[in-house]
Amino acid sequence: MPILSKSPHRIAAMFDAIAGRYDLLNHLLSAGIDRRWRRQAIRSLALAGGERVLDLCTGTADLAIAARTARPAAARVVGVDFAPAMLRVGYEKLRREKLQGSIALVRGDATRTPIADASVDAVTVAFGIRNVDDVDAACDEIRRALKPAGRFAILEFGVPTRPGLRAAYLWYFKRILPRIGRLVSRHRAAYAYLPASVNAFASPEAFVTILRQRGFVDVAAVPLTFGIVFLYTGKRGS
């Protein structure tokens with residue numbers, strides 16, 4: 001099967017296979033900076049303390065937990081993901097941190113969530129939008145779920161543009177990261193898929209255009225850590 005096949009069944013199966021070591025690899029491969037990226041995403045929402053947040057592609061719920069434990073924090077978070085093993089890992093975190101009453105984890109597709117129209121104040125996505133088979137449909141779903149003027153924060157990998165840094169990063173991303181990923185996760189395909197999927201995803205400029213075309217306003221792409229990651233922010237238009 002082609003490495004960039006994004007059928008929901010294939011992607012869910014791939015993430016289920018690495019669920020037990022997913023968090024370890026996230027922190028290891030990013031040298032722990034992934035926690036900072038998530039905090040920045042939540043800060044960009046300017047939460048006041050009473051919001052309801054939808055976290056799409058929630059995985060093991062790290063961003064959902066960040067939204068609920070921020071200061072000020074979201075009042076309620078719903079995390080949606082189609083990989084049940086990832087959700088089980090996430091639920092164990094909620095249980096340990098006694099957050100089951102304020103964070104709900106639901107199995108579902110990012111393009112068809114069980115969320116009422118215009119019912120959430122903010123939507124977040126961390127490193128999942130590039131895995132969705134139909135990005136336009138996922139953006140439409142974000143807009144549908146958001147209240148008017150509701151905000152979104154999307155984290156996604158990018159590629160640095162500085163020549164020396166770009167070359168070093170691409171060497172690490174294409175040569176070293178997949179080897180470490182395979183060794184730790186014991187899954188051959190998952191960490192070969194990662195650089196391939198990042199390379200195939202829209203450029204920051206193109207993704208900003210997509211978001212504006214789907215009805216969002218005040219859209220911005222903020223590079224984090226020299227452009228290794230981009231934070232996309234904006235609001236639902238009228």
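I began with strand 4, which is mostly covered, since six of its seven residues are buried, where buried means under 20% relative accessible area with a 1.4 Å probe and protein chains only. I noted that this is a predicted model, in which local features need pLDDT of at least 70 and side-chain atom pairs count only at pLDDT 80 or more, while totals for chains, interfaces and linings use all residues. Residues are numbered from 1 along each chain as its sequence is written, and side-chain values use heavy atoms, leaving out hydrogens and water.

I then looked up the neighbours of strand 4, taking helices (H or I, at least four residues) and strands (E, at least two) as DSSP runs numbered from the N terminus, and counting two strands as paired if DSSP finds at least two bridges between them. Strand 1 (residues 52–56) pairs with strand 4 in the parallel sense over four bridges, and Leu-56 has Val-125 of strand 4 as its bridge partner. Strands 4 and 5 also run parallel and are joined by six bridges, with Thr-124 opposite Ala-153 in strand 5. I followed the chain from strand 4 through helix 5 (residues 135–145) to strand 5 and recorded a right-handed β-α-β crossover, that is, a path running clockwise from the first strand over the helix to the second, with the strands pointing away from the viewer.

I turned next to helix 2 (residues 33–44), where Asp-34, Trp-37, Arg-38, Ala-41, Ile-42 and Ser-44 are buried. These residues lie on the same side of helix 2 because they cover an arc of only 160° around the axis, the arc being that of the directions from the helix axis to the C-beta atoms. After helix 2 comes Ala-46, with a positive phi near 50°.

Definitions and conventions: Buried means under 20% relative accessible area, exposed over 50%, partly exposed in between (1.4 Å probe, protein chains only).
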